[in-house]
Amino acid sequence: MSDRRILLLLVAIATFFFADVLLLGNNFFFRDLFAYHYPMKQIVRDTIARGDFPWWNPYFGGGQPMAANPAYEVFYPPQWLIFIGSFGFGFALHIIFHVYLALIGMYLFLRSIPLRVEATMFGALSFAFSGFLLGTMTNLPTFFVWSWVGVVGWAVLRLIRGGGGAPAAIAMAMPLIVLDPVAVPQIFALVIAGTLIVDRRALPRVLAAMLIASAIAAVVIIPAIDHTHDSSRSRGFPYHVVVDYSMPPIRPIELLAPRAFGLNLRTRWFMQFFGERGTPYLPSIYCGVAVAILAIAGFIKRQRGALAVIAICAVSYVLAIGSASPLFRWLYAAGLHSIRYPEKFIAAGLVSLIVFASVCADRINEMRRVAAIVGVTIGLALLITGAFVATQMMIIGATTILAAIVAFAWAMVFWRAGSSRIWTLAALALLLLDLAWFSNQLLPRVPRWFFAAPSIAKELEPGATIFHRGEWTQEQMALDYERMSPALSVRNALRPLTPALWGFRIALDGDIDETYLLPTHDLLDAMVRRGNSGDPHWSEPFAAISNVRYIVDFKRGNIDHPIVVTRIPNRGRFSIAGGRILRVSETSSTADLDLETPSQAPLIIAITIHKYWHAFIDGRPVPLQRANIAYQSVMIPPGRHHVELRYRNPVILWSGLVSAIALIALIPRRRRPRSGS
């Protein structure tokens with residue numbers, strides 16, 4: 001079968017597993033997808049659809065930078081798929097696109113090594129449908145970055161063998177544009193390690209392509225550095241935050257038994273291994289037991305590259321276990337305070353194992369016997385463990401015995417591999433049953449109606465600002481509702497960023513990704529101190545200065561009506577003591593006001609202050625001052641005036657110029673023919 005037909009088959013398999021999303025209107029919601037990513041992407045789409053550039057997000061945290069924050073992925077080309085069809089469809093499409101990307105990219109990379117078609121299909125499916133990759137879908141930046149690893153490997157391998165540098169530079173630029181701070185360094189480390197293994201003489205060319213990729217991504221990298229300096233990340237994380245979501249040292253057992261620690265992310269056992277949260281950051285690290293069997297067989301046979309893969313896995317493991325080793329304590333003492341969630345470092349080891357296992361699958365005729373013995377050994381170990389555990393915990397024992405059966409099945413497949421086409425088809429069927437079906441279960445869906453506004457939202461004043469006080473004071477009640485329904489507890493309780501989906505602004509909300517501006521954190525810290533002081537009215541002054549119209553608290557009831565909403569008076573987003581606001585016109589990053597005042601007075605602006613906000617009175621620039629801890633003000637002279645507020649980030653403009661120049665430099669130039677006889 002030709003490569004083109006194989007690629008079409010891979011796309012068809014992915015389409016089948018996600019048909020309910022692509023064709024029936026279901027959508028992803030789990031974990032951060034609905035509560036965090038869905039509102040952010042809709043704000044980006046709506047802002048651009050109105051004809052505005054997404055400089056500023058007025059909906060979160062009293063207003064925060066948007067284009068400068070890589071979490072919004074404004075400049076990431078695949079995100080532009082959200083403009084296709086309805087937003088719900090576009091959101092799902094731009095996620096599933098990366099499954100296609102992972103399949104096709106890994107297939108092209110493995111074929112270029114070169115591997116046989118059967119081994120290449122095995123590697124592509126093991127990667128794209130791994131519990132690891134599909135599990136990262138709940139955190140889109142991590143998922144997006146690792147979806148590109150196959151394309152990056154293919155393009156870099158072409159460069160090493162003398163091909164052009166443009167594909168490698170563009171491929172490596174895509175993860176940089178997403179800019180996940182843990183995933184991107186791992187991919188670049190794998191690229192350098194792979195180059196040293198294949199042909200170290202090509203390292204200068206590969207490093208040059210990396211520099212060009214960095215220049216292409218300058219429109220994201222440089223503003224992100226500037227934004228980090230202005231955000232809470234500039235202060236660094238406490239050590240307990242840095243090592244949060246450290247991987248339990250025994251978790252690699254999951255490479256053999258996917259349900260060793262739970263049926264899914266919502267049904268976990270042995271929660272004590274996962275710290276205070278009781279759940280892992282990566283929902284799964286399972287890549288299929290076949291990957292583990294082939295990798296172990298390759299290590300036993302001393303397959304070329306085995307030592308390098310073992311070294312990569314060892315480093316990846318030591319970093320991933322975080323607080324369980326002294327390494328992160330040493331790194332923290334050395335000044336590494338700005339990254340968190342060590343478990344993400346296991347990804348480099350998992351990708352290396354998948355590629356190595358694919359190489360071993362290509363040479364299955366040489367290691368058929370060893371692979372079969374390893375499979376039987378793993379199966380026996382799991383069977384004995386499952387039988388013993390079943391006497392105490394039936395479900396855990398049953399799932400372990402099921403994993404043993406799968407290992408035995410793979411041992412049989414490897415023993416008979418290559419003897420006939422039937423066994424090749426059996427391997428494909430077993431791979432899909434073992435891996436794709438399990439991984440697909442990690443991603444529960446909800447129907448289209450779920451994304452409609454809950455009944456409580458229809459009763460609120462359009463465009464009003466909401467403060468969810470219950471998120472700060474009623475954590476246990478929030479957890480109780482989550483146990484009833486993870487999806488409805490977010491939607492019906494207006495948590496945490498979902499009010500923006502229905503046009504409401506949010507103030508005094510917790511900073512989920514630690515990218516809010518420093519004044520916002522100063523405001524939140526002051527509010528927490530006031531709350532801890534025992535003042536029963538701790539929230540009232542902060543709600544007043546933040547233009548809050550509605551305060552949300554949890555109440556005992558049912559999942560359909562989990563909150564109570566209190567309407568409070570406010571002075572508006574713009575207020576001036578003794579004066580009058582005559583007219584207000586706003587976009588996401590501008591405001592125009594007509595006002596009058598009998599005497600000089602400050603115009604209080606309940607929008608987070610930032611250095612790129614500029615004010616003009618009757619066309620003349622005037623300075624903005626910090627007011628009410630996080631917000632801003634401008635002094636207005638007596639009389640009637642027109643006030644303009646504009647947010648523009650010049651760093652984005654000139655760094656965008658750098659990116660444009662880098663892209664133009666990659667355009668091939670037609671050489672002029674030499675004149676001669």
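What joins E10 to E11, and through how many residues? A hairpin joins the two strands, and three residues make the connection. Helices (H or I, at least four residues) and strands (E, at least two) are DSSP runs, numbered from the N terminus. The structure is a predicted model, in which local features need pLDDT of at least 70 and side-chain atom pairs count only at pLDDT 80 or more, while totals for chains, interfaces and linings use all residues. Residues are numbered from 1 along each chain as its sequence is written, and side-chain values use heavy atoms, with hydrogens and water left out.

We can stay with these strands for a moment. Strand E10 (residues 580–586) runs antiparallel to E11, and six bridges join them; two strands pair if DSSP finds at least two bridges between them. Within this pair, Arg580 has Glu596 of E11 as its bridge partner. Strand E11 (residues 590–597) is also joined to strand E17 (residues 639–647), by eight bridges and again in an antiparallel arrangement. Here Asp592 is matched with Glu644 of E17. E17 has a further antiparallel partner in strand E13 (residues 613–617), with five bridges between them, and Ala615 is bridged to Leu645 of E17. Seven of the eight residues of E11 are buried, so the strand is largely enclosed by the rest of the structure. Buried means under 20% relative accessible area, exposed means over 50%, and partly exposed lies in between (1.4 Å probe, protein chains only).

Turning to the helices, H1 (residues 3–17) makes a handy first example. Its 15 residues should span 21 Å at 1.5 Å a residue, and its end C-alpha atoms are indeed 21 Å apart; the expected span is 1.5 Å times one less than the number of residues. Ile6, Leu7, Leu10, Ile13, Ala14 and Phe17 of H1 are buried. Seen down the helix axis, the buried residues of H1 fall within an arc of 120 degrees, so they line one face of the helix. That arc is taken from the directions from the helix axis to the C-beta atoms. An α-helix has 3.6 residues a turn, so residues three or four places apart point the same way. Arg4, Arg5, Leu8 and Phe16, on the other side of H1, are exposed. The cover over the buried residues of H1 includes helix H2 (19–23), H4, helix H5 (117–128), helix H20 (421–441) and strand E4 (445–446).

Two residues of H4 give a closer look at that helix. Ile104 is found in H4 and is partly exposed, with a relative accessible area of 29%. Leaving aside neighbours within four places in sequence, Ile104 is in contact with Leu7 and Val11, where contact means heavy atoms within 4.5 Å. Ile104 and Met121 lie 17 residues apart in sequence and 9.8 Å apart in space, C-alpha to C-alpha. His94 also has its place in H4, and this histidine is buried, with a relative accessible area of 0%. Not counting residues up to four places away in sequence, His94 touches Lys41, Pro78, Gln79, Leu81, Ile82, Leu140 and Phe144.

The largest nonpolar core has 226 residues, of which Phe129, Trp146 and Trp410 touch the most other members. A nonpolar core is a set of buried Ala, Val, Leu, Ile, Met, Phe, Trp, Tyr and Cys residues joined through side-chain atoms within 4.5 Å. Helix H4 (residues 87–111) gives this core its largest share, 15 residues. Apart from this core lies another, of 16 residues, including Phe467, Ala507, Leu524 and Val548. Beyond four places in sequence, Trp146 touches residues including Ala183, Gln186, Ile187 and Leu190. Those four are among the buried residues of H10. Helix H10 (residues 183–199) has 17 residues and reaches 24 Å from its first C-alpha to its last, close to the 24 Å expected. Its buried residues pack against helices that include H7 (140–147), H8 (149–160) and H17 (346–362).

Finally, a word on the cysteines. The structure holds zero disulfides, a disulfide being a pair of cysteine sulfur atoms within 2.5 Å. For Cys313, the nearest cysteine sulfur is that of Cys287, 9.8 Å away. Cys313 is buried, with a relative accessible area of 19%. Cys360 counts as buried at 0% relative accessibility, and its sulfur is 12 Å from the closest cysteine sulfur, in Cys313, which is too far for a bond.
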